[in-house]
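Q: Got a minute to go through this one with me? I'd like to start with the ligand.

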Amino acid sequence: MPALHVPADRAPLDFDVIIVGCGPTGAMLAAELRLHDVRVLVLEKETEPTSFVRIVGLHIRSLELMAMRGLLDRILPHGRRRPAAGFFAAIAKPEPTGLDSAYAYLLGIPQPVIVNLLEEHAIDLGAQIRRGCAVAGVEQDDAGVTVDLADGERLRSRYLVGCDGARSTVRKLLGVGFPGEPARTETLMGEMQVSVPPEEIAAKVAEISETRRPFWLRPFGNGVYSVVVPAAGISDRAEPPTLEDFQHQLRAIAGTDFGVHSPRWLSRFGDATRLAERYRVGRVLLAGDAAHIHPPIGGQGLNLGVQDAVNLGWKLAAQVRGWAPDTLLDTYQAERHPVAADVLDNTRAQAELLSPEPGPQAVRRLLTELMDIDEVNRHLIEKITGIGIRYDFGAGPDLLGRRLRDIAVKQGNLYGLLYGGRGLLLDRTERLTVGGWSDRVAYLSDPTAEVDVPGVLLRPDGHVAWIGDDQQDMEEHLSRWFGEPAH
Ligand SMILES: Cc1cc2nc3c(=O)[nH]c(=O)nc-3n(C[C@H](O)[C@H](O)[C@H](O)COP(=O)(O)OP(=O)(O)OC[C@H]3O[C@@H](n4cnc5c(N)ncnc54)[C@H](O)[C@@H]3O)c2cc1C
């Protein structure tokens, strides 16, 4: 019997949300959606997790988010704590005083470890992850999104999020513009064995890295080094780099290739800077590197993507579950696009400050002096670590739109009350109530809580949605963010 042809827009919906790409952004988003029982499928084209051991820095805001979801204790043993200092254009300064966070440090950690932990967390919460599934086509209609996999399989969901990295297929299929500056320089990075004594390497690297950037050989132990050299003039961009490429560049710069051999992995990255024109087209959204790319100066890309995921997760869940106010999903772009634009700008500024030209070097010297002023140093560190972000929620006290730091409350710590991904009303007046919103917003009465306001309403991402002591005023804000009360 011939198969019945079912038009795509009437085919059954297999999932509420399909996420394309299981990098840090996709894995975090899957977990956030599962906190709200959304049926999630993550499609990842690679059959195995990546072996590129890129050590990344988790910055303060990301550490706070991990603490807010009960993940920090699992992550800390895998990383190395460093002071929250010296990130801006690698200008060496001490940590500024008064960083307003219980997690005021940098955690250096291999990216695959973070991705594995986030993936495990998403699976524990019930997300499905399918590897070896490359998304090749995406079409949307009034009822949902149809996804075509490269092997011909077809799936349907209500929404789809492209977390598929810098070369995002989803972004291209949507036809969303990605304006910005193309890469000016490319860099080779890899891990390999060396055959030369460490002292000899250290002396040569110290001599050369004074004048040549990017250039380093950093020991990992057991004769394994992380090697970074400029890619200028090397092979075809489309082809993966080879060990010979590294040997050639090392000889050209250092006069020796240090006997490098047995590479564990080799990669290449550029310094392009681009920002997607839109983060949402109907039922399809973009997050992480699919929406923004910039050079890795200051180590912000992964942090930005994970923070996109936490901003988007509860809003998309609200949309799927049917309680989202009309404009809620669009606040994702309204809030996150300017944040990414600011990160792109600060990396452009840092790139200038790292240029060896006399003009930028003079600006660097001036900024180095200015950073001796604690407020200047703090402003820059708050910018890079994500704790300086203030979303525009309208007129109000300075805390409105900012994230609230973790504070001690009578039940332990505030972030411990946000694990489930609900909002939270922290009430010091003991007179407020969340009434018909109690399924979406938790309530804590604590007159002694260490916060200088009578009542504060937090969104599930920890940002302050309301401050005050008036029940009616608060209910208007509950409706704005959490929809209609249940009866
Ligand atoms: C050298 C270097 C150092 C860095 N250091 C830092 C740092 O210190 N701190 C920091 O925050 N960031 C850093 N970054 C940036 C960080 O690595 C990225 O921003 C981060 O990986 C982005 O995560 P993502 O999940 O958005 O995208 P990706 O990590 O690119 O993940 C995208 C996933 O989508 C999959 N995919 C792609 N296309 C498809 C498809 N069609 N179908 C299915 N799956 C698909 C890919 O296989 C991949 O798994 C650094 C980057 C570089 C190059």
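A: Sure, here is a quick run through the ligand site, one helix and the overall fold. Keep in mind that this is a predicted model.

Q: Which residues come nearest to the ligand?
A: Glu44, Arg54, Gln111, Leu302 and Asn303. They belong to a set of 31 residues around the ligand.

Q: What class are the shell residues: nonpolar, polar or charged?
A: A mix. The shell has 13 nonpolar, twelve polar and six charged residues.

Q: How far is the side chain of Glu44 from an oxygen atom of the ligand?
A: An N or O atom in the Glu44 side chain sits 2.6 Å from a ligand oxygen. Thr25 also has a side-chain N or O atom 2.8 Å from an oxygen of the ligand. For Asp289, the side-chain distance to a ligand oxygen is 2.8 Å.

Q: And how much of the ligand's accessible area does the protein cover?
A: The protein covers 85%. On its own, the ligand has 1000 Å² of accessible area.

Q: Which helices and strands supply at least two residues of that shell?
A: Helix 1 (24-34), helix 8 (301-321), strand 2 (40-44) and strand 3 (55-58).

Q: Which of them gives the largest share?
A: Helix 8, with three residues.

Q: Switching to helix 1. How many of its residues are buried?
A: Eleven of the eleven, so helix 1 is largely enclosed by the rest of the structure. Buried here means under 20% relative accessible area. The buried residues include Thr25, Met28, Leu29 and Leu33. Glu32 and Arg34 are also among them.

Q: What covers those buried residues?
A: Several elements, including strand 1 (15-20), strand 2, helix 2 (60-68) and helix 4 (111-124). Strand 9 (154-162) and helix 8 are part of the cover too. Helix 8 thus turns up in two places: over helix 1 and in the ligand shell.

Q: Zooming out, how many helices and strands are there?
A: Twelve helices and 24 strands. The radius of gyration is 24 Å, close to the 23 Å from the globule rule for 487 residues, so the protein is as compact as a globular protein of that length. The C-alpha trace spans about 75 × 75 × 40 Å along its principal axes.

Q: What share of the 487 residues counts as buried?
A: 53%.

Q: Last one. What about contacts between residues 24 or more positions apart?
A: They make up 70% of the contacts with a separation of 6 or more.

Terms used
Residues are numbered from 1 along each chain as its sequence is written. This is a predicted model: local features need pLDDT of at least 70, side-chain atom pairs count only at pLDDT 80 or more; totals for chains, interfaces and linings use all residues. Side-chain values use heavy atoms; hydrogens and water are left out. A residue is near a molecule or strand if one of its heavy atoms lies within 4 Å of it. A polar contact is a pair of N or O atoms within 3.5 Å; within protein, one must be able to donate a hydrogen and the other to accept it, and residues adjacent in sequence count only if both atoms are side-chain atoms. Accessible areas come from the Shrake-Rupley method with a 1.4 Å probe; for residues, only the protein chains shown count as cover. Helices (H or I, at least four residues) and strands (E, at least two) are DSSP runs, numbered from the N terminus. Ala, Val, Leu, Ile, Met, Phe, Trp, Tyr, Cys and Pro count as nonpolar, Asp, Glu, Lys and Arg as charged, and the others, Gly among them, as polar. The radius of gyration is taken over C-alpha atoms; the globule rule is 2.2 Å times the number of residues to the power 0.38. Buried means under 20% relative accessible area, exposed over 50%, partly exposed in between (1.4 Å probe, protein chains only). Contact means heavy atoms within 4.5 Å.
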